[in-house]
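Where does a protein model leave empty space, and what lines that space? The report below takes up this topic for one structure.

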Amino acid sequence: MNRAMLIGSIGAGKSTLTHALLENKIEARKTQSLTYYDWIVDTPGEYTENPLFYKNIMATSLEVTHILYLQDATNKKSIFPPGFSGGFTKLPIGVVTKADSEAANVDLAIEQLKRAITRGPIIVSSSLEKKGLKEIRDLVKCNTMQEMKDYVLTNQSNDIFFHETLYK
Ligand SMILES: Nc1nc2c(ncn2[C@@H]2O[C@H](COP(=O)(O)OP(=O)(O)OP(=O)(O)O)[C@@H](O)[C@H]2O)c(=O)[nH]1
Ligand SMILES: [Mg+2]
């Protein structure tokens, strides 16, 4: 079964998205350690914010098929180093979170994800409005980058697109 690990800054909305994707009716609390659900591994924001934890992310990534890179649209900062997804062999999905918020800057969040992910789909989501959830579930069912690209091309909207870096 395909599985996804969620990474992103403290408070980016990883646990809220996890519960929304799984249709769990529980509210997220601060994540203290790696938490395994059905097909999702939720991580504490500290794991992505502190490079000392990169080895934990690396090790955990071996257990999944996809890595979801969450960028909070209400956070002007991005904690992902440029090209971060290049350090992993797993299929990347960029996810903009909290698109519903009045404070959201979705365009900025997309630009931040484009720097973090050299190639892959990017989804604009809101756990509160259940936006982008189906697309994320469907993408995690894809087995190759090409399958994800084909999915994006056949499900075109403003909230999903495929990012490719032409020159590296
Ligand atoms: N407006 C809005 N707020 C959200 C959304 N998703 C999460 N939040 C809020 O963002 C805050 C942090 O959410 P969490 O899901 O706990 O974030 P996290 O990434 O799991 O945080 P850590 O576990 O500390 O790493 C909470 O107050 C949520 O209510 C969303 O889609 N829209
Ligand atoms: Mg959490």
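What follows describes the ligand site first, then the pockets, and then the enclosed space.

## The ligand and its shell

The model is predicted, and the description of the site should be read with that in mind. Ligand 1 is surrounded by 18 residues, and the closest of them are Lys14, Thr16, Lys30, Gly45 and Asp100. Divided by class, this shell holds 9 polar residues, 5 nonpolar residues and 4 charged residues. Among the elements, helix α1, which spans residues 14–22, gives the most to the shell, with 3 residues.

Backbone atoms also come into polar contact with oxygen atoms of ligand 1, and the table lists three such pairs, each between a backbone N or O atom and an oxygen atom of the ligand.

| Residue (backbone N or O atom) | Distance to an oxygen atom of ligand 1 |
|---|---|
| Gly11 | 3.0 Å |
| Gly13 | 2.9 Å |
| Ser127 | 2.8 Å |

On its own, ligand 1 has 660 Å² of accessible area, and the protein covers 76% of that area.

## The pockets

How does the ligand relate to the open space of the protein? The space taken by ligand 1 is the largest pocket, for which the computed volume is about 300 Å³. The lining of this pocket consists of 21 residues, and those that lie nearest its centre are Gly11, Ala12, Gly13, Lys14 and Thr16. Two of these names return from the table, since Gly11 and Gly13 each place a backbone atom by an oxygen atom of the ligand. Helix α1 provides the largest share of the lining of the largest pocket, again 3 residues. By class, the lining of the largest pocket comprises 11 polar, 5 nonpolar and 5 charged residues.

The second largest pocket contains about 250 Å³ of space. It is lined by 14 residues, of which His19, Ala20, Asn24, Ser127 and Lys130 lie nearest the centre. The elements that give two or more residues to this lining are α1 and α5, the latter covering residues 133–141, and the largest share, 3 residues, comes from α1. Helix α1 therefore gives the largest share to the lining of the largest pocket and to that of the second largest pocket. Ser127, one of the residues nearest the centre of the second largest pocket, also has a backbone N or O atom 2.8 Å from an oxygen atom of ligand 1. The lining of the second largest pocket divides into 5 nonpolar, 5 charged and 4 polar residues.

## The enclosed space

How many cavities of 30 Å³ or more are there? The count comes to 1, and the largest cavity holds about 40 Å³ of space. This cavity is lined by Ser9, Leu70, Gln71, Asp72, Asn75, Lys77, Ser78, Ile79 and Phe80, a lining that divides into 4 polar, 3 nonpolar and 2 charged residues.

How values were computed: Residues are numbered from 1 along each chain as its sequence is written. Chains are lettered from A and ligands numbered from 1 in the order in which they are written. This is a predicted model: local features need pLDDT of at least 70, side-chain atom pairs count only at pLDDT 80 or more; totals for chains, interfaces and linings use all residues. Side-chain values use heavy atoms; hydrogens and water are left out. A residue is near a molecule or strand if one of its heavy atoms lies within 4 Å of it. A polar contact is a pair of N or O atoms within 3.5 Å; within protein, one must be able to donate a hydrogen and the other to accept it, and residues adjacent in sequence count only if both atoms are side-chain atoms. Accessible areas come from the Shrake-Rupley method with a 1.4 Å probe; for residues, only the protein chains shown count as cover. On a 1 Å grid over the protein atoms alone, a cavity is a set of points where a 1.4 Å probe fits but cannot get out, and a pocket is an open set with protein on both sides within 12 Å along at least five of seven lines; lining residues have an atom within 4 Å of a point. A molecule sits in a cavity or pocket if more than half of its atoms lie within 2 Å of its grid points. Helices (H or I, at least four residues) and strands (E, at least two) are DSSP runs, numbered from the N terminus. Ala, Val, Leu, Ile, Met, Phe, Trp, Tyr, Cys and Pro count as nonpolar, Asp, Glu, Lys and Arg as charged, and the others, Gly among them, as polar. Grid points are joined across faces, edges and corners, and a volume is the space filled by probe spheres set on the points.
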